[in-house]
Amino acid sequence: MKNAPWNTDDIEILRQKWRLADETAFNCEQLFQKIEILRIRADHVVEGTPEHDGLAVEARNVFIAVGQKVIESGLTMPDWNWFVDNRIPDEPEHWKKLGENWQQAENLGELFDCIEAFVRAICKAKREFADAIKVSLNAWEEADDNQASWYQRVDNGVRIHGKLVEIRRMDANVLEFLCKRTSRNSTYDDLATVSDTWADHVSSSHTPTQVSTKKNIRSCLGRINNALRTAFNLRKKQMPIKLVERGMGWKLNKDLLQ
């Protein structure tokens with residue numbers, strides 16, 4: 001994707017483009033889920049009833065909403081046009097055909113078949129578009145990691161993408177350590193290098209000391225998670241620092257902090 005128009009000289013603009021493309025894809029996916037729910041309801045209503053007629057109207061409204069999402073791309077519109085022309089040039093004709101089919105549907109079941117096919121195709125294309133921009137963004141940020149352009153250690157915490165994550169000194173040191181290792185897992189032994197006390201005790205043969213040290217490391221990660229959620233307005237279930245499968249350490253989920 002080196003020739004894509006979203007390769008900008010300003011990484012913050014590129015980040016905004018990805019956010020908008022990802023949000024558009026997410027909105028289309030939400031609309032598709034709504035169509036699926038409406039389809040389930042439609043399978044249990046009698047033709048000719050007010051509920052049946054209401055579902056038909058609601059389905060058409062969702063179809064129109066998705067159609068608008070195809071062309072409402074905000075600042076990414078030139079990028080979207082480039083993506084369509086160069087990556088999926090045959091798709092617009094396919095969407096047009098799917099769009100015509102729903103107008104010919106003779107019953108609610110056929111209507112939902114047509115709308116589901118249309119919405120599914122749009123969702124897939126919008127998600128591929130957002131992912132293509134994310135590839136470019138990741139390449140930029142990985143290149144910037146050595147200069148720490150996206151995070152800076154400051155007196156009262158760590159500044160990430162311009163937002164201050166205010167935490168105490170020890171926690172800030174751990175967060176900075178994780179920012180340097182977004183492509184690698186960090187085990188207890190890795191994290192223990194941040195503190196001389198942790199380093200001395202994490203591999204101790206004295207079991208209670210080792211258990212206590214590992215508990216302190218987990219508590220530190222918990223405090224950092226809470227501070228990141230507050231700074232980036234994340235939901236409680238979102239995990240900025242995620243435990244890697246099978247206990248292979250932790251990794252900062254940089255995607256949540258865009």
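## Helix 6, mostly under cover

A residue counts as buried here when its relative accessible area is under 20%. Keep that cut-off in mind while looking at this structure, which is a predicted model. By that standard, helix 6, spanning residues 169–179, is mostly covered, with 8 of its 11 residues buried. The list runs Asp171, Ala172, Val174, Leu175, Glu176, Phe177, Leu178 and Cys179.

## The three-stranded sheet

Let's turn to the sheet. Its 3 strands form an open sheet in the order 1-2-3, and the pairing is antiparallel. Strand 1 (151–154) and strand 3 (163–166) sit at the edges with a single partner strand each, so one side of each has no neighbour in the sheet. From one strand to the next, the twist averages 25 degrees.

What holds strands of a sheet together in general? Strands pair through backbone hydrogen bonds, in either a parallel or an antiparallel arrangement. In this model, strand 2 (residues 157–160) pairs with strand 3 in the antiparallel sense over 4 bridges. If you want a spot to click on, try Val158, whose bridge partner in strand 3 is Val165. Helix 9 packs on this sheet, where it touches strand 2 and strand 3, and its direction makes about 150 degrees with that of strand 3.

## Helix 9 and Thr213

Helix 9 covers residues 207–232, which is 26 residues. From first C-alpha to last it reaches 38 Å, close to the 38 Å expected at 1.5 Å a residue. Its buried residues include Ile217, Cys220, Leu221, Ile224, Leu228 and Phe232, but also Asn225 and Arg229. Just after the helix comes Asn233, which has a positive phi, near 55 degrees.

Thr213 is worth a stop along helix 9. Is Thr213 buried or exposed? Its relative accessible area is 4%, so Thr213 is buried. A polar atom of the Thr213 side chain lies 2.9 Å from the backbone oxygen of Thr209. Setting aside residues up to four places away in sequence, Thr213 touches Trp198, His201 and Val202.

## Aromatic pairs

How many aromatic pairs does the structure hold? There are 6 of them. In one, the ring centres of Trp150 and Tyr151 are 4.9 Å apart and the planes meet at 75 degrees, so this pair is edge-to-face. Trp150 and Tyr151 are both buried.

Another pair is Tyr188 with Trp250: the centres are 5.0 Å apart and the planes are at 75 degrees, so this one is edge-to-face too. This pair links distant parts of the chain, with Tyr188 in helix 7 (residues 188–192) and Trp250 in strand 5 (residues 250–252), 62 residues apart. Tyr188 and Trp250 are buried as well. Elsewhere, Trp80, Phe83, Trp95 and Phe129 make up one aromatic cluster.

## Leu55 in helix 2

One last place to look is Leu55, found in helix 2 (residues 50–71). With a relative accessible area of 0%, Leu55 falls in the buried class. Which residues does Leu55 contact, leaving aside neighbours within four places in sequence? They are Leu38, Arg41, Ala42, Val45, Leu108 and Phe112. For Leu38, the C-alpha atom is 7.0 Å from that of Leu55, although 17 residues separate the two along the chain.

Definitions and conventions. Residues are numbered from 1 along each chain as its sequence is written. This is a predicted model: local features need pLDDT of at least 70, side-chain atom pairs count only at pLDDT 80 or more; totals for chains, interfaces and linings use all residues. Side-chain values use heavy atoms; hydrogens and water are left out. Helices (H or I, at least four residues) and strands (E, at least two) are DSSP runs, numbered from the N terminus. The expected span of a helix is 1.5 Å times one less than its number of residues. Buried means under 20% relative accessible area, exposed over 50%, partly exposed in between (1.4 Å probe, protein chains only). A polar contact is a pair of N or O atoms within 3.5 Å; within protein, one must be able to donate a hydrogen and the other to accept it, and residues adjacent in sequence count only if both atoms are side-chain atoms. Contact means heavy atoms within 4.5 Å. Two strands pair if DSSP finds at least two bridges between them. Axes are lines fitted to C-alpha atoms, for helices over the stretch in contact, and angles run from 0 to 180 degrees between N-to-C directions. Rings of Phe, Tyr and Trp (its six-membered ring) pair if their centres lie within 6.5 Å; planes under 30 degrees apart count as stacked, over 60 as edge-to-face and the rest as tilted.
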